[in-house]
Amino acid sequence: MKRFFTLLISTIITLSAAQSQTLPNDEKLKKMIGRMLIVGFDGESVTKKSKIAKDIQKYHIGGVILFDRHFDDRTKTKNISSPKQLKALTSSLKSFAKKPLLISVDQEGGKVARLKSAYGFEATPSAKVVSEMDAYMTKRVYDNLAKTLQDAGINCNFAPVVDLAVNPQNRVISGLRRSYSSEPKEVAKYAKIFMDSLQERDILSVLKHFPGHGSSLEDSHNGFVDISETWNEIELEPYIELIHSGGVSMVMTAHVFNRYLDEVYPATLSYRVNTELLRERLGYDGVIVSDDLQMGAIAKHYTLEEIVTLSINSGVDMLLFGNQLAKQDTHELVETILAQVKNGSISMDRITESNRRVEQLFTKIKTK
């Protein structure tokens, strides 16, 4: 028996040593982790002394997300106040980046717009309004939006929404007129026009919110959202059509729970949803980005260690921390993921795989 335990301990030590030998040094690994992060920050301008500038340089952060106002005080400007100011901000951010940097916003149109007409930007109608236009007018609308983003220095737009308007009681999708239609083909048609306009201006589009948020009753910003009894497979159809078209570079997961897809975890943290369904069944091999991991549906139920470990292991490639609903220090975030890799909770293979997808993403757009 003593010999058995000696052999067991020896085996564990050998395996641990083998794993440690396969890991890059800490500095390199931290930068690989940094490439998987999209973070928000405060400020209408940045200098070399700004924390976000230092984090971009130290960790090679994959992206930032910009907001016009603070979530908890809409009277205060966060990142966006005018076209001239925004252009200066994005130029500064790019100047500090040693590797290509995603500069992203939520600019869907209608009520979900960070570049508002009140600040001097051209207004864009909501998806619901656009759905009443013909293809020619739709293309003009989204061409104008894409030009506005390009002029501002934005290279990633968290749009279009491809959720189906299947639940009139839905406050966060139908209620905000963010869906084109309850018909999958109509949604895919308008979404594709939007995506093409962005691509023509070297701006990445992001389909959201997988596997479908249109049938929900609650808002995942606030807390747990269960779509088990309302979700239908028809909500996958826009994704299937657009993925097969070959133009999808990024898909955003939703913080929705469906026990028929995963009995334990919401979609963002679910291997069954992100890997088995989206990757293996639907054939998608682009970047999966989480919705904001500080939303109540996630943050109220899981620790930071659980959030990063489950999301990365589920197949998420880029983790979004908007720093609107809470404040998350990038150093702590990187160190938390680093520790999870070192203790074997997150495999090095997942870090490498996500970095491959992220770097491939940047080959699709001009980054300077």
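## Reading strands, cavities and a pocket

Mentor: Let us begin with a pair of neighbours in this predicted model: strand β8, residues 156–157, is joined to β9 by two bridges, and the two strands run parallel.

Trainee: Which residue of β9 is the bridge partner of Asn 157?

Mentor: The partner of Asn 157 is Ser 205, which belongs to β9.

Trainee: In what order do the strands of the open sheet lie, and is the pairing parallel or antiparallel?

Mentor: To read a sheet, one goes from neighbour to neighbour rather than along the chain. Here six strands make up an open sheet, and the order is β9-β8-β5-β2-β1-β13, with parallel pairing.

Trainee: Which strands are the edge strands?

Mentor: An edge strand is recognised by its pairing, and in this sheet the edges are β9 (204–205) and β13 (319–321), each of which pairs on one side only.

Trainee: Which helix lies across β1 and β13, and at what angle to β1 does that helix run?

Mentor: That is helix α12, residues 330–342, which lies across β1 (37–39) and β13 and runs at about 160° to β1.

Trainee: Let us turn to empty space. How many cavities of 30 Å³ or more does a search of the whole structure find?

Mentor: A cavity is space from which a probe cannot get out, whereas a pocket is open. The search of the whole structure finds two cavities of 30 Å³ or more; the largest holds about 60 Å³ of space, while the second largest has a volume of about 40 Å³.

Trainee: What lines the largest cavity, and how does its lining divide by class?

Mentor: Among the lining residues of the largest cavity are Glu 108, Tyr 142, Arg 177, Arg 178 and Phe 194, and by class the lining has seven nonpolar, two polar and three charged residues.

Trainee: And what is found around the second largest cavity?

Mentor: Its lining includes Pro 211, Ile 227, Asn 258, Asp 262 and Val 273, and the residues of that lining divide into eight nonpolar, one polar and one charged.

Trainee: What is the volume of the second largest pocket, and which residues are closest to its centre?

Mentor: The second largest pocket has a volume of about 260 Å³. Of the 15 residues that line this pocket, Gly 40, Phe 41, Asp 42, Lys 51 and Asn 323 are the closest to its centre.

Trainee: Which helix gives the largest share of that pocket's lining?

Mentor: Helix α3, residues 51–59, gives the largest share, with three residues, and the lining of the second largest pocket as a whole divides into four nonpolar, six polar and five charged residues.

Notes:
Residues are numbered from 1 along each chain as its sequence is written. This is a predicted model: local features need pLDDT of at least 70, side-chain atom pairs count only at pLDDT 80 or more; totals for chains, interfaces and linings use all residues. Side-chain values use heavy atoms; hydrogens and water are left out. On a 1 Å grid over the protein atoms alone, a cavity is a set of points where a 1.4 Å probe fits but cannot get out, and a pocket is an open set with protein on both sides within 12 Å along at least five of seven lines; lining residues have an atom within 4 Å of a point. Grid points are joined across faces, edges and corners, and a volume is the space filled by probe spheres set on the points. Ala, Val, Leu, Ile, Met, Phe, Trp, Tyr, Cys and Pro count as nonpolar, Asp, Glu, Lys and Arg as charged, and the others, Gly among them, as polar. Helices (H or I, at least four residues) and strands (E, at least two) are DSSP runs, numbered from the N terminus. Two strands pair if DSSP finds at least two bridges between them. Contact means heavy atoms within 4.5 Å. Axes are lines fitted to C-alpha atoms, for helices over the stretch in contact, and angles run from 0 to 180 degrees between N-to-C directions.
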